[in-house]
Amino acid sequence: MIAVLKHGTTQQQTDHLVAWLRSMNLDVHISQGQDITILGLIGDTSRVDIDLLGSLEIVDTIKRVSEPFKQANRKFHPEDTVIEVGNVKIGGGHFAMIAGPCSVESEAQIIEVAAAVKAAGADVLRGGAFKPRTSPYAFQGMKDEGIRLLLKAKEATGLPIITEIMNIRALDLFADVDIIQVGARNMQNFDLLQELGKTDKPILLKRGLANTLQELLMSAEYIMSEGNENVILCERGIRSFETYTRNTLDLSAVPVLHELTHLPVVVDPSHATGKSKLVPPMAVAAAASGADGIMVEVHNDPARALCDGAQSLTPAQFAQLNKKVNLIREAIV
Ligand code: PEP
Ligand code: MN
């Protein structure tokens, strides 16, 4: 349920109303806009007398929110959420280009790729240290050493870093990581999501292989309901009957999510297509669809990559892509 307060309501009146609502065992989410204040009521609202609430002098309108996601809902928070990492902003008109290898493989590799993507205009460096691989015999990532090398690349280039967490036991290793990624395979690992909700780190939450947008938003809700509102959503392709591409990029997710939620939406055309030649056109399309950022895999030597070489761009290809994406961004504003 949401209560929109009248223009001119004082802080004291708002506090008074919030205290009364909380005394009914409801969580109250306050969204203070420029002109209006919106109170989002979470919990068992069946006991709230909607007529009584609506009759209060400071209350403009009351609406029941039928969607099961509340804190992620745009109705609760009409303004776009902007996530800040270092000097980089994501969302609300701020666009971030996230680039780097699928996996950290060595110090030389991550430093070389980090410098190259920075020179080509990347805002954030990606690199997997803990890799969720389909086969237990495949390269599983450099783990703690991978994070240490990513931090070296951050120090060398000044780029904020994003890397994936698979198990909450590894959380301490992520203390200096700027954005924690939850991969597609863990989108519904609710214990992991709740634990990440107790941190204040920005979380990039990838859509599961076969999950609906509502399920993605419910997973964001698991993080937000524990107190962490810094969530970035990522469309990375879903399973379909098509086999030519690794997944099917659901680009309509971008405008749909922008309508349903205030959280930023990033697109990963690398895992969506699985083929490097398809990454630039889909990145451009993602920018045109209004995405708040793009995450692409870039490798200094794709043919020898330990993971996902076929979908990795060279630094030169990434530089080209970035130019095109910037042109599209200028064209759509
Ligand atoms: C990744 O970004 O490294 C990754 C494993 O992606 P996804 O979880 O989307 O498969
Ligand atoms: Mn990958």
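**Exercise 1. Decide whether L213 is buried or exposed, and state which helix holds L213.**

Step 1: L213 has a relative accessible area of 14%. Step 2: buried means under 20% relative accessible area, exposed over 50%, and partly exposed in between, with a 1.4 Å probe and protein chains only. Step 3: L213 is therefore buried. Step 4: L213 is found in helix 6, residues 213-224; helices are DSSP runs of H or I with at least four residues, strands are runs of E with at least two, and both are numbered from the N terminus. Step 5: the C-alpha atoms of L213 and Q311 are separated by 25 Å, with their positions 98 residues apart along the chain.

A word on the ground rules: this is a predicted model, in which local features need pLDDT of at least 70 and side-chain atom pairs count only at pLDDT 80 or more, while totals for chains, interfaces and linings use all residues. Residues are numbered from 1 along each chain as its sequence is written, chains are lettered from A and ligands numbered from 1 in the order in which they are written, and side-chain values use heavy atoms, leaving out hydrogens and water.

**Exercise 2. Find which protein atoms are donors of the manganese ion (ligand 2).**

Step 1: look for donors, meaning N, O and S atoms within 2.8 Å of the metal (3.2 Å for Na, K and Ca); water is not among the atoms, so sites may look incomplete. Step 2: the protein donors are C102 (SG), H271 (NE2), E297 (OE) and D308 (OD), at 2.0 to 2.4 Å from the ion. Step 3: along the chain, their spacing reads C-x168-H-x25-E-x10-D. Step 4: E297 sits in strand 14 (residues 293-297) and D308 in the loop between strand 14 and helix 10 (315-332), so this pair ties together parts that are eleven residues apart in sequence. Step 5: E297 counts as buried at 1% relative accessibility, and D308 counts as buried at 18%.

**Exercise 3. Work out what is notable about the phi of D308, and which side chain has a polar atom 2.7 Å from the backbone oxygen of D308.**

Step 1: as background, most residues other than glycine have a negative phi. Step 2: D308 is not a glycine, yet its phi is positive, about 60°. Step 3: the side chain of S312 places a polar atom 2.7 Å from the backbone oxygen of D308. Step 4: S312 lies in the loop between strand 14 and helix 10, and at 4% relative accessibility S312 counts as buried.

For another positive phi, turn to N25, also not a glycine, with a value near 70°. N25 is in the loop between helix 1 (11-22) and strand 2 (27-32), and counts as exposed at 66% relative accessibility.

**Exercise 4. List which residues surround ligand 1, then pick out polar atoms that lie 2.8 Å from its oxygen atoms.**

Step 1: the surrounding residues, each with a heavy atom within 4 Å, are R126, K131, E164, Q181, G183, A184, R185, K206, R236 and H271. Step 2: a polar backbone atom of A184 is 2.8 Å from an oxygen atom of ligand 1, and a polar side-chain atom of R185 lies 2.8 Å from an oxygen atom of ligand 1. Step 3: for R236, a side-chain N or O atom is 2.6 Å from an oxygen atom of ligand 1.

Conventions:
A polar contact is a pair of N or O atoms within 3.5 Å; within protein, one must be able to donate a hydrogen and the other to accept it, and residues adjacent in sequence count only if both atoms are side-chain atoms.
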